Amino acid sequence: MAEDIHVDPTRESFDAFKALPRDVPINMLNLLRFREHAQYPDGHINADKGWSGARAYEEYGTTSGPVFKRVGGTVMWRGTMESMLIGPTDKFWEVAFIAYYPNSGAFMEMITDPEYKKAVINRQAAVSTSRLIRFGEVDGPDTFG
């Protein structure tokens, strides 16, 4: 089985994201699995701290949080996986959350911010694999259909 490493977007997936409307609210489903030990590039300030992946992700949240809030982002829901009822049983997510952005332009502003770019190295060191899925809002009744 091939390694399941999805930490950063591919050029194709990022281009598809950018092609979607930028002036509508979006919700980003984040599914995360952490490395046992954070993997920083040689020479990085956090490389010799011996952090777990979870601790490095905590640092990412602390250092990227002000930018996330400044662009209007908010975490709508956060949870930990308890059981896979439908889906592949070899997939386990340690953390899941939904981040709301007032529009995808706000998300783009965040990821291009110089302070965010410094913070994202903690995410890259922390995460062994992840999913980041954009959802648009849909009007309609509160039903499954």
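Reader: What is the phi of Gly 72, the residue that follows helix 2?
Author: The model is predicted, so local features need pLDDT of at least 70 and side-chain atom pairs count only at pLDDT 80 or more, while totals for chains, interfaces and linings use all residues. Residues are numbered from 1 along each chain as its sequence is written, and side-chain values use heavy atoms, with hydrogens and water left out. Helices (H or I, at least four residues) and strands (E, at least two) are DSSP runs, numbered from the N terminus. After helix 2 comes Gly 72, with a positive phi near 95°.

Reader: What distance does helix 2 reach from its first C-alpha to its last?
Author: Helix 2 covers residues 53–70, which is 18 residues. The expected span is 1.5 Å times one less than the number of residues. That expectation is 26 Å, and the helix comes close to it, reaching 26 Å.

Reader: At which residue does helix 2 bend?
Author: A bend is the angle between axes fitted to the seven residues ending at a position and the seven starting there. In helix 2 this angle is about 50°, and Pro 66 follows within four residues of the bend, which is at Ser 64.

Reader: Is Phe 68 buried or exposed?
Author: Phe 68 lies in helix 2. Buried means under 20% relative accessible area, exposed over 50%, and partly exposed in between (1.4 Å probe, protein chains only). The relative accessibility of Phe 68 is 14%, so Phe 68 counts as buried.

Reader: Which residue of helix 3 is in contact with Phe 68?
Author: Contact means heavy atoms within 4.5 Å. Leaving aside neighbours within four places in sequence, Phe 68 touches Gly 73, Thr 74, Val 75, Ala 99, Tyr 100, Tyr 101 and one further residue, Met 110. The buried residues of helix 3 include Met 110.

Reader: In what order do the four strands form the sheet?
Author: Two strands pair if DSSP finds at least two bridges between them. Strand 1 and strand 4 pair over nine bridges, strand 1 and strand 3 over seven, and strand 2 and strand 3 over five. The sheet is open and its pairing antiparallel, with the order 2-3-1-4.

Reader: Which residue is the bridge partner of Val 75 in strand 3?
Author: Strand 3 is mostly covered, with five of its seven residues buried. Along this strand, Tyr 100 stands opposite Asn 27, and the bridge partner of Val 75 is Ala 99.

Reader: What angle does the direction of helix 4 make with that of strand 4?
Author: Strand 4 pairs with strand 1, and the bridge partner of Arg 33 in strand 4 is Thr 129. Helix 4 packs on the sheet, touching strand 1 and strand 4. Axes are lines fitted to C-alpha atoms, for helices over the stretch in contact, and angles run from 0 to 180 degrees between N-to-C directions. For helix 4 and strand 4 the angle is about 115°.

Reader: Which residue has its backbone oxygen 3.2 Å from a polar atom of the Ser 104 side chain?
Author: Ser 104 is found in helix 3 and is buried, with a relative accessible area of 1%. A polar contact is a pair of N or O atoms within 3.5 Å; within protein, one must be able to donate a hydrogen and the other to accept it, and residues adjacent in sequence count only if both atoms are side-chain atoms. Contacts of Ser 104 include Phe 17, Val 24 and Arg 134. The backbone oxygen at 3.2 Å belongs to Pro 21.
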